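Reader: I'd love a close look at one part of this protein, the cysteines and what surrounds them in the fold. Could you walk me through it and carry on from there?

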Amino acid sequence: MNTPRFLPMLGHTSGKRSPVTCALKCDNACAGEVCNTSSNGYFRDIVNAQVSRRAALGAAAVFGAAITLDTTDASAAVGKPGGHGSSRLPVTGDQRLRFSPIAPVERTVDAVTVPQGYTWKPIIRWGDPLFANSPAFDPEKQTPESQALQFGYNNDYTEIVMDCEVPGRRGGLMFVNHEYTNEAIMFPPTMDAATQRAVSRNAHGLTVVEVRRDNPHSPWRYVKGARRNRRFLLDTKYELTGPAAGSPLVTTKDDPEGRWVLGTLANCSGGLTPWGTLLSGEENFNGYFQAKDDSKENKRYGITTEPTVRGWEKDLPRFSGKNAGYENEVNRFGWIVEVDPFDPTSTPKKHTALGRFKHEGANVIIAANGKAVAYSGDDERFDYLYKFVSKGTYRPNDRAHNMTLLSEGDLYVAKFTGDSPAAEIDGTGKLPTDGSFDGTGVWLPLIKDGKSMVPGMTADQVAVYTRLAADLVGPTKMDRCEDVQPNLATGKVYVVCTNNTKRTEADEVNPRAKNRDGHIVEITETGHQTSETFRWNLLLVAGDPAKDTSTYFSGFPKDRVSPISCPDNITFDQAGNLWIATDGAPSTIGYADGLFRVPLSGHGRGHVTQFLAVPNQAETCGPIVSSLDGWVIVAVQHPGEDGKWTKQESSFPYEGQKLPRPAVIQVTPARR
Ligand code: FEO
Ligand code: CA
Ligand code: CA
Ligand code: CA
C-alpha cells in the first residue's frame with residue numbers, strides 16, 4: 001500500500017531539528033538513505049561595502065573587476081559590491097553597528113532578542129498584500145486567489161537591490177524566496193485539503209517587492225501596489241539555458257522541446273550578481289515529485305515512487321512521473337534560477353550550466369580576467385561543492401550581455417586534501433600537530449568548453465545528473481554545504497557546512513565524526529578566481545565552547561566567543577566581517593537560532609559574537625547587514641513550526657494574531 005511519506009517519519013528525525021521541518025522542508029532527508037553511496041572520500045546600501053578603502057584598493061589590484069562598479073545597471077547592491085554610485089559614499093567601517101553581544105537565548109523563548117539599544121520590526125509578513133487589488137490577510141479565509149496576490153510563506157533568502165529611480169538611496173527592490181509551507185499551522189482544520197494544497201502552492205515561489213525608506217538610516221517599508229511588485233508562482237514561465245536546454249532528459253508532454261518550465265520550488269538561499277540580478281537555489285525539490293521508478297538517477301536525488309507528503313500530484317499530473325508524459329518533470333527542478341527584479345515582465349531563467357542538485361544558493365564574483373565565477377553547494381549529507389566559470393566575460397556597461405554569462409561555461413567539483421597525517425585526524429575534532437585543519441584542493445572538471453569531461457556521459461547528462469557525474473571523478477564528500485560565498489573584497493570563498501551526524505570517517509576538511517554543530521571552510525584560490533587549484537583552512541568549528549573541546553575559532557580565545565551551532569546563511573558587512581545565520585541550534589546546543597558576527601582578519605579574527613536570536617522553533621535566514629548605515633535584516637522562517645492551528649507555539653511577530661507569521665524583520669538602533 002502506498003502511504004504518505006510524512007507520517008511514518010514523525011518522531012524519527014536524526015537529532016537536529018523538528019520532525020515537522022524534516023517532513024515538510026527536506027522530505028525527511030536525514031531519515032532516508034544516504035543518497036551518495038559512491039566510494040569517494042568523505043570528504044548589500046552599497047557596495048564597496050564589505051570593504052575598507054584600503055581593502056578595496058588591495059582587492060582592486062588582485063581581483064580587478066570583482067569590485068568594478070556597474071554604473072549602467074539600474075541596480076546597486078545593498079551591502080554588496082557591484083552597485084551604482086557607491087564610490088561616492090564614505091566608508092565608515094562598522095561604527096554604526098557597534099553592539100554588546102546578547103547572551104544565548106533558551107530555545108523555547110518566543111521572542112526576537114536584539115542587543116541593548118536596538119529595536120526590531122517587520123518589513124513584510126506572510127499574507128501582506130502586494131498589489132492594489134490584493135485582499136487583506138485573513139488566515140481564517142485564505143483562498144488560492146488571495147494568496148497569489150500576497151507575500152508568500154517561509155521567507156528564506158532575502159536581498160535588496162538599490163532602485164536608482166529613487167534618489168537619495170531611499171528606494172530598493174526586495175527579493176525573497178518562499179521555501180515551503182506548513183499546512184498544520186497555516187490553515188483552520190475546517191479548510192478542505194484540496195484548498196489547503198492550492199493555497200500552499202501559491203504561498204511558494206518568489207517575491208519581488210519595492211521598498212522605501214526616509215533616509216539610509218531609517219527602516220525600510222514595503223510599498224503595496226508598486227509597479228515592479230511581482231509574485232513568481234507555479235504558472236510563471238522559466239527559460240531553460242545551458243547544456244540541458246532542449247535535451248530529451250527535460251522534455252515533457254507540455255514542453256516537447258524541453259525549453260520552458262512552469263514554476264520554481266523549494267527556493268532556499270540565493271545570491272546577488274554583479275549585474276544586479278538575483279539567483280535562487282532550488283533545494284529540496286525532490287520532495288514535491290513522485291518518481292516514475294526507482295532508477296539510479298531518481299535514487300541518487302532522493303526521489304521516490306511513493307506518494308508525496310504534499311500530494312500535489314492529486315491536483316496536477318505533472319507532479320507524478322507515473323503519469324505518461326511527465327516522467328521528466330522532476331528533471332526540470334533542482335537548478336539555479338536567475339531573476340531580473342527591475343523588469344516585472346522579464347522571463348526568469350533556469351541555468352543548467354551550473355548543474356542540477358540540491359542547490360542551497362549560488363554566489364558570483366568577477367575574476368580578474370573578467371569571467372563570472374559562481375560557487376554553489378549541494379545541501380545533502382556527503383554531497384559536493386561546485387564552481388562554475390563563465391565562457392564569456394563581464395562587460396561593465398552591458399547588462400543584457402552579463403545576463404547571458406551563466407548560460408555557458410565550465411563546471412567543476414571540489415576535491416580537498418589535508419596537509420596533516422591522516423592518523424592525526426581522529427574524528428574528535430582535535431587539532432593536528434601543525435595547529436590547523438588545512439590543505440590544498442583541486443577543482444575537477446565536469447564540463448569544459450561545452451563538452452563533458454566525464455567518461456560515458458554527455459554534457460546534458462552531466463547537467464541533469466550532476467551528482468552522478470561528480471561521483472565518477474572523485475570529489476570530496478562534504479558535511480552539507482549551505483551558503484558558499486566569495487568575499488568580494490578578498491576573493492576568499494566561505495563554505496558553510498551545517499552539520500552531518502551520519503559521518504563516521506573524518507577527513508581534514510570534515511574533521512569531526514558525528515558532526516552535530518557544523519564548520520566553515522575558507523578557500524583561497526591559487527592566484528586567480530578561475531584557478532583549478534586552491535588552498536583551504538577551517539575558519540571555525542562550531543559548537544558550545546563551554547561544553548565542547550572540539551570547537552575552534554581560528555585560535556581566538558574560546559571563553560570570549562558566543563556559542564554557535566549549525567551555520568547556514570552568511571553575508572558580509574562593509575567592514576569586512578562575516579555574519580552567520582544559524583538553523584538547528586535548538587536541538588544541538590539547546591539555544592535559539594540566531595545571527596552572529598565574526599571578523600575575518602586582525603586580532604579579532606574568529607571572535608564570534610551573537611547579535612540576535614529568533615523566536616521559538618524558527619531559523620534565521622537571509623541576513624543583510626549594513627554596518628555603513630547601521631541596520632540588520634533577517635528573514636524569520638518557520639516560527640512555531642511544531643504547533644497546530646488549535647495549539648500554536650509562536651505568535652511572532654506579536655501583533656495580537658493567534659498564529660505565527662513568517663516575516664522579514666529589520667533591526668535598527670532604538671533611537672533613530
Ligand atoms: Fe533550505 Fe540548505 O537549507
Ligand atoms: Ca593541517
Ligand atoms: Ca538554508
Ligand atoms: Ca539549513
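Author: Cys268 is buried, with a relative accessible area of 2%. Bear in mind that this is a predicted model. Cys26 is buried too, at 9%. As for cross-links, the structure holds zero disulfides.

Now to the nonpolar interior. In soluble globular proteins, nonpolar side chains tend to be buried together. Here the largest nonpolar core has 69 residues, and the members that touch the most others are Leu265, Trp275, Tyr288, Leu354, Val364, Tyr386 and Leu446. Apart from that core lies another, of 27 residues, which includes Leu385, Val389, Met478 and Phe534. Leu265 is a good residue to click on: leaving aside residues up to four places away in sequence, Leu265 touches His204, Leu234, Glu282, Glu283, Tyr288, Phe289, Trp312, Phe319 and Phe333.

Finally, have a look at the calcium ion (ligand 2). Its protein donors are Asp419 (OD), Ser420 (OG), two OD entries from Asp434, Ser436 (O), Asp438 (OD) and Glu508 (OE), at 2.3 to 2.8 Å from the ion. Along the chain, these donors of the calcium ion follow the spacing D-S-x13-D-x1-S-x1-D-x69-E. Two of the donor residues can be set side by side for burial. Ser436 has 16% relative accessibility, so Ser436 counts as buried, because the cut-off for buried is under 20%. Asp434 has a relative accessible area of 39%, so Asp434 is partly exposed.

Note on methods
Residues numbered from 1 in each chain as written. Chains lettered and ligands numbered in written order. Predicted model: local features only at pLDDT ≥ 70, side-chain atom pairs only at ≥ 80, totals over all residues. Heavy atoms only, no water. Donors = N, O, S within 2.8 Å, 3.2 Å for Na, K, Ca; no water. Buried < 20%, exposed > 50% of the residue type's maximum accessible area, 1.4 Å probe, protein only. Core = buried A, V, L, I, M, F, W, Y, C linked by side-chain atoms within 4.5 Å. Contact = heavy atoms within 4.5 Å. Disulfide = S-S within 2.5 Å.
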